[in-house]
Amino acid sequence: MTQSHPRISKAVIPAAGLGTRFLPATKATPKEMLPVVDKPAIQYVVEEAVAAGLGDVLMVTGRNKRPLEDHFDRNYELESALQKKGDAGRLAKVQESSDLAMIHYVRQGDPKGLGHAVLCAAPHVGNEPFAVLLGDDLIDPRDPLLQRMIDVQEQYGGSVIALMEVAPEQIHLYGCASVAPTGDGDVVEVTGLVEKPDAADAPSNYAIIGRYVLDPRIFDILRKTEPGRGGEIQITDALQQLAADEKAGGPVHGVVFKGRRYDTGDRGDYLRAIVRLACEREDLGPDFRAWLRSYVAEEM
């Protein structure tokens, strides 16, 4: 039976990481600002939150992340120059990012892990469920994962995580969930979680990807969570406690995602994401696909 829960209105985007996998490009440029075709990765994430009805966005940032704030702010000099040139198309693109959402910022300070970054959002979120979106995973807008997760949270309460089936040899790269079926085909009950297990120890091949809808009681758990894998406070460890004890903050469910996901977390997948998105663009795709076919034919 459908239950009644507070409507989700806030999204949290952790963006305090150092981006070491993309050095030296990220020495002075936040990894979230690296372009995916012609938009920074972080803008895709904000657009996803807004499309799901979450117009109140908190970014958890760190040192050297000022370009994030500048990107989502107005740039009057640039806008004026484009207006004088009569370049309405580019002017609209520049203004689009500043008009997307009401965006707030808080600094994480010490880089103590994703769980600590989420905890930094507690004063802003208050006592209501909220979404967490990681910038490494870009979800195609034609496959509205976040909206589905919000619907599941409103139905079941508690917290909801996004899951994806991966090859067993890849599970050590992800948090991993043990699950039980529910009456909904794409929804599972999460009975346990472990962070980046060896393939032999993994309870399943269901990997956690970068979308969460969380009950606010997770903040109480995070305040008591000791550093785990990598010496960091892991959100996976806090969710494991919720999954083990519903009284601590409701059940944990997973939405099994089978849609289009663009992984920008490492260099190879970042390049593949750019190629895939460029190929699908109406303005770039036809010429780019033709060049790509020619290039591949010559190289092969």
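This is a short talk on one predicted protein model, from its overall build down to one helix and two residues.

I'll start with the whole chain. The secondary structure comes to 11 helices and 13 strands. The radius of gyration is 20 Å, and the globule rule gives 19 Å for 300 residues, so the protein is as compact as a globular protein of that length. If you prefer box dimensions, the C-alpha trace spans about 60 × 50 × 40 Å along its principal axes.

Now burial and contacts. Of the 300 residues, 48% count as buried. Take the contacts between residues at least 6 apart in sequence: 76% of them join residues at least 24 apart.

On the surface, the accessible area comes to about 15,200 Å², and carbon and sulfur atoms account for 51% of that. As for charge, there are 34 positive and 45 negative charges, and their mean positions lie 4 Å apart.

Next, one helix. Helix α10 covers residues 267–280, which is 14 residues. From first C-alpha to last it reaches 20 Å, close to the 20 Å expected at 1.5 Å a residue. Which residues of α10 are buried? They are Tyr270, Ala273, Leu277, Ala278 and Cys279. The cover over those residues includes two strands, β2 (35–36) and β13 (261–263), and two helices, α1 (41–51) and α11 (285–299).

Strand β2 brings me to glutamate 32, which sits in the loop between β1 (10–14) and β2. Is glutamate 32 buried or exposed? Its relative accessible area is 6%, and buried means under 20%, so glutamate 32 is buried. What does it touch, leaving out residues up to four places away in sequence? On one side of the sequence there are Ala15, Ala16 and Gly17. The rest of the list is Pro40, Ala41, Ile42, Lys65 and Leu68. Ala41 and Ile42 fall within the range of α1 (41–51).

The last residue is serine 159, in strand β8, residues 159–165. Its relative accessibility is 0%, so serine 159 counts as buried. Leaving aside neighbours within four places in sequence, serine 159 is in contact with Val213, Leu214 and Asp215, with Leu239 and Leu242, and with Pro251, Val252 and His253. Leucine 145, on the other hand, is 14 residues from serine 159 in sequence and 15 Å from it in space, C-alpha to C-alpha.

To recap the two residues: glutamate 32 is a buried loop residue, and serine 159 is a buried strand residue. That's all I have.

Methods: Residues numbered from 1 in each chain as written. Predicted model: local features only at pLDDT ≥ 70, side-chain atom pairs only at ≥ 80, totals over all residues. Heavy atoms only, no water. Helix = DSSP H or I, 4+ residues; strand = E, 2+ residues; numbered from the N terminus. Rg over C-alpha atoms; globule rule 2.2 N^0.38 Å. Buried < 20%, exposed > 50% of the residue type's maximum accessible area, 1.4 Å probe, protein only. Contact = heavy atoms within 4.5 Å. Areas by Shrake-Rupley, 256 points an atom, 1.4 Å probe, with all protein chains shown as cover. Lys, Arg positive; Asp, Glu negative; His and termini not counted. Charge placed at Lys NZ, Arg CZ, Asp CG, Glu CD. Expected span 1.5 Å × (residues − 1).
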